[in-house]
Amino acid sequence: MILFWPAPLDFFRDIVELAHRYDFVIAHDLAYSEVSYDGYRAPSIFQVEGAREVAIEFHSLSKTFNMTGWRIGFAVGNEKLVEALGRMKTNIDSGIFNAIQWAGTEALSHVDEVLRTILPIYTRRRNVVVNAFRSLGFDLPFPQASFYIWIPVPEGYTALGFAGYLLDQAGVVVTPGIGFGRYGEGYVRISITTADDQLGQAMERIQDTLRGGQT
Ligand SMILES: *Cc1c(COP(=O)(O)O)cnc(C)c1O
């Protein structure tokens, strides 16, 4: 079930303590900080005492502001780590095109309005996908964050096998969880960045296929 839930604050407490004890750095990828549902707010690692000494947190404008591919984000945290990142970055690439930086400023000045627009859309799509699979007897929760739904594959299938089955029989592409590492085995992933009508059609095809297969 680990894949379904955002990391709780206790998880960050544990790793911050470990980082202090064993002297390592934590790079927290928080690309979905604002994409959360039902009132849930993803914690920042900096809510944990002592995190500032050992952690850097990466934020991206890609997801919250539909700016994927614009290559803009920011990092916050430990002064030395941020400084080192800046030094490395200035040696491997140069500043982002100004218009994109201005667009980023504009986006960050309108977070609340943007979230009011996008979160109901993702919530609606999330519900469509989860309810479709639940109606087929799948046991899965409503994810609290991000725009992915992880679906446990039926008994007797691997992640790749079930993805292949849905592709061949329903004409729907899903991502086999194994592509994300061994803990993804046993799951396929569906993204809700697809338009409502296309997503709805995909769910109908999957329902038709799996219901047909059961009879
Ligand atoms: C999209 C994504 C990123 C990459 O963000 P960019 O700013 O587009 O490079 C990083 N981490 C996670 C978990 C993501 O989903």
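Biologist: At the start of H2, the backbone nitrogen of which residue does a side-chain oxygen of Asn 78 approach?
Modeller: This is a predicted model, in which local features need pLDDT of at least 70 and side-chain atom pairs pLDDT 80 or more, whereas totals for chains, interfaces and linings use all residues. Residues are numbered from 1 along each chain as its sequence is written, and side-chain values use heavy atoms, without hydrogens or water. A polar contact is a pair of N or O atoms within 3.5 Å; within protein, one must be able to donate a hydrogen and the other to accept it, and sequence neighbours count only if both atoms are side-chain atoms. The side-chain oxygen of Asn 78 comes to within 3.0 Å of the backbone nitrogen of Lys 80.

Biologist: What span is expected for H2?
Modeller: Helices are DSSP runs of H or I with at least four residues, and strands are runs of E with at least two, numbered from the N terminus. H2 covers residues 79-92, 14 residues in total. The expected span is 1.5 Å times one less than the number of residues. The C-alpha span of H2 is 20 Å, close to the expected value of 20 Å.

Biologist: Within what arc do the buried residues of H1 fall?
Modeller: Buried means under 20% relative accessible area, exposed over 50%, and partly exposed in between, with a 1.4 Å probe and protein chains only. The buried residues of H1 are Phe 12, Ile 15, Val 16 and Ala 19. The arc is taken over directions from the helix axis to the C-beta atoms. These buried residues line one face of H1, because seen down its axis they fall within an arc of 105°.

Biologist: Which exposed residues does the face of H1 turned away from its buried side carry?
Modeller: H1 spans residues 9-22. Its face turned away from the buried side carries Arg 21 and Tyr 22.

Biologist: How much of the ligand's accessible area does the protein cover?
Modeller: Polar side-chain atoms of Tyr 32 and Arg 71 lie 2.7 Å and 3.0 Å from ligand oxygen atoms, respectively, and for Ser 60 the distance is 2.6 Å. Accessible areas come from the Shrake-Rupley method with a 1.4 Å probe. Of the 380 Å² that the ligand has on its own, the protein covers 63%.

Biologist: How many residues of the shell around the ligand are charged?
Modeller: The ligand is surrounded by Asp 29, Ala 31, Tyr 32, Ser 60, Ser 62, Lys 63 and Arg 71, where near means a heavy atom within 4 Å. Ala, Val, Leu, Ile, Met, Phe, Trp, Tyr, Cys and Pro count as nonpolar, Asp, Glu, Lys and Arg as charged, and the others, including Gly, as polar. The shell thus comprises two nonpolar residues, two polar ones and, as charged residues, three.
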